[in-house]
Amino acid sequence: MTAVVGLQWGDEAKGKVVDLLSDSHDIVVRFQGGANAGHTVTVDGRQLKMSLIPSGVLHTGVIGLIGNGVVVDPEALFQEMEQCRDAGVDVEKQVRISDRAHLILPYHKAEESILEHQAEGARIGTTLRGIGPCYQDKVGRRFSIRVGDLLHPSWLRERLERAVAHKNRVLAAMGSEERFSAEALFETCRSWAERLRPYIVDSVEFLHEAVAQGRRVLFEGAQGTLLDVDHGTYPYVTSSNSSMSGIAAGSGIPARWVTHAIGVVKAYTTRVGSGPFPTELDNELGERIREAGNEFGTVTGRPRRCGWFDAVAARYSAKICGVDSLAVMLLDVLTGFEELAICVAYLYQGRELRTVPSHPDVLRQCEPVYELVPGWSEDITGARSFGELPERARQYLRRIEQLVGVPIAIVSVGPERSETIWVEPALVGRG
Ligand code: GDP
Ligand code: IMO
Ligand code: MG
């Protein structure tokens, strides 16, 4: 059993890694997050942006399971199903959704939009997909609607009436004039029920049966460990456990069954939205990385904040996740820089810190302590083995490996499947 998780603030190219590994798996599972994720997979020059449906479905016969820990926006899901059909995916056969997953309703987005727009200075910079309000309702227990509720009309109607009455009171208190009708939403839910019915399963039974039959399971993380609600840079995080910690809760599969845990990092660092980012380059160097890496958000189109590789943060995340190997992505983006910097410690009020401080007020005052390493100028996109990389690129990678304390299994030198170096395939269950 394999797990792929991000070790930074998301967009580490988890989608590409999942796609690379999917041909040796039977089921790919999303266990948290929702349509806030944007996983780009490039197949023969064609870009596919996966959001809720696990990227593994792009391989014939691979089942993509939306696990119980995911928050599902049916409208986003239907759109993505269409995109998948166009790409040749047998959606009816390949997609399954947990009956325990929670539903994002229109009032979640309304609520989030007000919160984000009223929150001068305290803005999280969310994707506005209703993720936070939906998880709030899930944990609050009183008002959330689950996918399985769609198949129980009288239960659904009762829950929805209570939820909508409450949401309308909340919206009024927030100063909004927007109101929702329980009756209209009930009808919407009924139509979702008809469309989703063939895909809904008891995902826990589904997975355990599959495992008992020897099927190979791959977990696809969304966001990254530094956006994890418990272990990330709180409060500038997402509302789920986006590190390895989310797997057991979000799928019903014991964490100890995962045999290969892969931590994905970019060869540098990016972040979308608010929050501290010690190695951020708010200058022409950052701009150069943004241009070279085409660092614009998949979901919202926002320019991503860019900076140098932060080994303190990556080591912290690797520790939380207990990853066996690293996949270092987008190395080609760093080609042409005379000198590269790696953050090896943080300086806080004259003291050197070697790990990520738990308080945001400390983290935002941290200055990065850099180690400078020489860059390379050779085009590396054609390299297919570690030995084919320029000496300086190898030195850069070896230093990252040393500082993070985890061996590198995969290096990526371009978005295509072929633009990949399998450094230690055994570490990711290959060869
Ligand atoms: P994810 O959310 O972690 O799956 O990452 P995203 O898809 O949001 O962002 C990663 C971006 O980098 C995507 O546009 C990928 O197509 C692209 N990509 C992946 N690997 C490489 C690489 O090695 N080099 C370059 N230049 N682009 C890559
Ligand atoms: P993938 O899976 C990068 C960020 C948002 C915001 C914060 C909270 O593509 O790596 P949310 O909408 O989740 O409440 O927003 O988290 N964020 C991501 N950043 N990649 C993602 O997903 C993200 N999903 C959420 O920008 O800062
Ligand atoms: Mg992304």
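Two strands pair if DSSP finds at least two bridges between them. Helices (H or I, at least four residues) and strands (E, at least two) are DSSP runs, numbered from the N terminus. The model is predicted: local features need pLDDT of at least 70, side-chain atom pairs count only at pLDDT 80 or more, and totals for chains, interfaces and linings use all residues. Residues are numbered from 1 along each chain as its sequence is written, and side-chain values use heavy atoms, with hydrogens and water left out.

**Exercise 1. Describe the open sheet and locate the partner of Ser-98 in E9.**

Step 1. The open sheet has 10 strands, in the order E9-E7-E5-E2-E10-E1-E11-E15-E19-E20, with mixed pairing.

Step 2. Its edges are strand E9 (200-201) and strand E20 (420-422), each of which pairs on one side only.

Step 3. Strand E7 (residues 95-98) is joined to E9 by two bridges, and the two run parallel. Opposite Ser-98 stands Val-201 in E9.

Step 4. In general, strands of a sheet pair through backbone hydrogen bonds, either parallel or antiparallel.

**Exercise 2. Describe the surroundings of ligand 1.**

Step 1. The ligand has 19 residues around it, and Lys-14, Gly-38, Thr-40, Asp-332 and Ser-412 come nearest. A residue is near a molecule if one of its heavy atoms lies within 4 Å of it.

Step 2. Look for polar contacts (pairs of N or O atoms within 3.5 Å; within protein, one must be able to donate a hydrogen and the other to accept it, and residues adjacent in sequence count only if both atoms are side-chain atoms). A polar side-chain atom of Asp-332 lies 2.7 Å from a nitrogen atom of ligand 1. Asp-11 places a polar side-chain atom 2.9 Å from an oxygen atom of the ligand, and a backbone N or O atom of Leu-330 is 3.1 Å from an oxygen atom of ligand 1.

Step 3. Taken alone, ligand 1 exposes 590 Å², of which the protein buries 91%. Accessible areas come from the Shrake-Rupley method with a 1.4 Å probe; for residues, only the protein chains shown count as cover.

Step 4. Helix H1 (14-22) and strand E3 (39-43) are the elements that give two or more residues to the shell around ligand 1.

**Exercise 3. Describe the surroundings of ligand 2.**

Step 1. Of the 20 residues around ligand 2, those that come nearest are Asp-11, Lys-14, His-39, Thr-127 and Thr-238.

Step 2. Thr-238 has a polar side-chain atom 2.6 Å from an oxygen atom of ligand 2. From the backbone, a polar atom of Val-272 is 3.0 Å from an oxygen atom of the ligand, and an N or O atom of Gly-125 lies 3.4 Å from an oxygen atom of ligand 2.

Step 3. Ligand 2 exposes 550 Å² when taken alone, and the protein buries 98% of that.

**Exercise 4. Find the backbone features of Pro-235 and Gln-223.**

Step 1. The peptide bond from Tyr-234 to Pro-235 is cis, with omega near 5°. Pro-235 lies in the loop between strand E10 (217-220) and helix H9 (246-251).

Step 2. Gln-223 is not a glycine, yet it has a positive phi of about 55°. Gln-223 is placed in the loop between E10 and H9.

Notes. Chains are lettered from A and ligands numbered from 1 in the order in which they are written.
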